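Here is a friendly walk through one protein chain, with an eye on side-chain contacts, rings and charges. Have the viewer open and follow along.

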Amino acid sequence: MNQVYDLMIVGPATRDVNVDYTGAEDRSTGGAVTFCTPAAAAAGAKVFAAVKISPEDGDIIGGFHMDPADIALLPSKKTTLMKNVYFTPDRERRDASCPARSDPVQPEEIPDVDCRLYHLAGLLYGDFPNELIKFLHGKGMVSADAQGFLRHNENGKLCFHDWTDKLQYLPYMDFFKTDAAEAEILTGLTDRAEAARQLRRWGAKEILISHNTEMLAYDGRDLFTCPVRARNLSGRTGRGDTTFGAYLAMRMTGAGMQEALRYATACVSLKMETPGVFTGTRADVENYLREFYGN
């Protein structure tokens, strides 16, 4: 019997240079696909990762610590290079630049495996052409992070602009994630609940909006929030991607919205206490839930 995956996470991995508010520099592997994948796998979902990088950076694949049958390298002339300079200890204010970027993911590159949900874990506008959204919609459910449609690389400088095709393509989104700033760019609304309602009116079926204080989920009927309770923010990078990876995994393995949101928020709260990707287990998250979220 062929393996059926709960979700395929598609997108570019990056070489990252991060400079904190003290001037200390570290180099790491980043990208939405890098942070989403381990969080989704830890929650118990069967995950396939399709990673867009240059074959010269093939060592990135080994860093996922996955069965080779569950991961694919999608070749690119370049691997995306990101530089983040943070101005505050909480890493909420930063200057981001992109000295190099990967090629777009084309429909014919999507691995031919059985999958229920395809998540577009993008970094920059142009990572995913519109025809890819339509193609994946014909294969299964689709989810996306707004970042991949709002953030533009303009001669190395990263700028955010509204998604001009949002009214056409939001109806393809079974799940759609933004952060608070992206939600405001898309909708013009600063109230996160109202922004989620507007995105739903435009066609996205289930919306998750991340914020440094809480996570919010809305499906047109129910709206839930859950507070972030990280004890420190040393692992701030990858917050939204970790949250959404865990949330999608929980939803695709049968959890309701509120349960999925509580688990995902606890997962990211725990993850933010340590730099890098989430390396814990579902049991670690459940222990954190009991300790910091009660019943």
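## A serine and its surroundings

Leaving aside neighbours within four places in sequence, Ser-102 is in contact with Pro-12, Lys-52, Ser-76, Lys-78, Thr-79, Thr-80 and Asp-127. Please keep in mind that this is a predicted model. Ser-102 itself belongs to the loop between strand 7 (94–100) and strand 8. Its relative accessibility is 4%, so Ser-102 counts as buried.

## Rings that meet

Let us turn to the aromatic side chains. A pair of aromatic rings is described by the distance of the centres and the angle of the planes. The count for this structure comes to seven aromatic pairs. In one of them, the ring centres of Tyr-5 and Phe-48 are 5.3 Å apart and the planes stand at 80 degrees; planes over 60 degrees apart count as edge-to-face, so this pair is edge-to-face. Tyr-5 and Phe-48 link distant parts of the chain: Tyr-5 is in strand 1 (residues 4–12) and Phe-48 in strand 4 (residues 47–53), with their positions 43 residues apart in the numbering. Tyr-5 has a relative accessibility of 4% and therefore counts as buried. Phe-48 also counts as buried, at 4% relative accessibility.

The rings of Phe-128 and Phe-149 make another of the pairs, with centres 6.4 Å apart and planes at 45 degrees, so this one is tilted. Here too, distant parts of the chain are linked: Phe-128 comes from the loop between strand 8 (114–120) and helix 3 (130–137), whereas Phe-149 comes from helix 4 (residues 147–150), and the two are 21 residues apart. Phe-128 and Phe-149 are both buried. Together with Trp-163 and Phe-176, Phe-128 and Phe-149 form one aromatic cluster.

Rings also have charged partners in this model. Arg-229 lies over the face of Tyr-293, at 4.8 Å from the ring centre. Likewise, Arg-282 has its charged end over the ring of Tyr-263, 5.5 Å from the centre of that ring.

## The buried side of helix 3

Which residues of helix 3 are buried? Leu-132, Ile-133 and Leu-136 are buried there. The arc they cover around the axis is only 105 degrees, which puts them on the same side of helix 3. As for their partners, the buried residues of helix 3 pack against strand 8, strand 9 (141–145), helix 4 and helix 5 (166–169). Helix 4 is also the element that holds Phe-149.

## A hairpin

Strand 14 (residues 214–218) and strand 15 (residues 223–227) run antiparallel and are joined by five bridges. Across this pairing, Glu-214 stands opposite Pro-227 of strand 15. The hairpin has four residues between its strands, and Gly-220 takes a positive phi near 95 degrees in it.

## Opposite charges

Side chains of opposite charge can pair when their charged atoms come close. How many salt bridges does a search of the whole structure find? It finds 16 salt bridges. Three of them are set out here.

| Acidic residue | Basic residue | N to O distance |
|---|---|---|
| Asp-57 | Arg-15 | 3.1 Å |
| Glu-25 | Arg-27 | 3.4 Å |
| Asp-145 | Lys-177 | 3.8 Å |

The salt bridge of Asp-57 and Arg-15 links distant parts of the chain, with Asp-57 in the loop between strand 4 and helix 2 (59–62), Arg-15 in strand 2 (residues 14–19), and 42 residues from one to the other. Asp-57 has a relative accessible area of 18%; buried means under 20%, so Asp-57 is buried. Arg-15, with a relative accessible area of 28%, is partly exposed.

Glu-25, for its part, counts as partly exposed at 49% relative accessibility. Its partner Arg-27 counts as exposed, because its relative accessibility is 63% and the cut-off for exposed is over 50%.

The salt bridge between Asp-145 and Lys-177 again links distant parts of the chain: Asp-145 lies in strand 9 and Lys-177 in strand 12 (residues 175–179), 32 residues apart. Is this pair buried or exposed? Asp-145 is buried, and Lys-177 is buried as well.

Finally, salt bridges that share partners join Arg-15, Asp-57 and Asp-59 into one network.

Definitions and conventions
Residues numbered from 1 in each chain as written. Predicted model: local features only at pLDDT ≥ 70, side-chain atom pairs only at ≥ 80, totals over all residues. Heavy atoms only, no water. Phe/Tyr/Trp six-rings, centres within 6.5 Å; stacked < 30°, edge-to-face > 60°. Buried < 20%, exposed > 50% of the residue type's maximum accessible area, 1.4 Å probe, protein only. Lys NZ or Arg CZ within 6 Å of the ring centre and 35° of its normal. Arc of directions from axis to C-beta. Contact = heavy atoms within 4.5 Å. Pairing = 2+ DSSP bridges. Salt bridge = Lys/Arg side-chain N within 4 Å of Asp/Glu carboxyl O.
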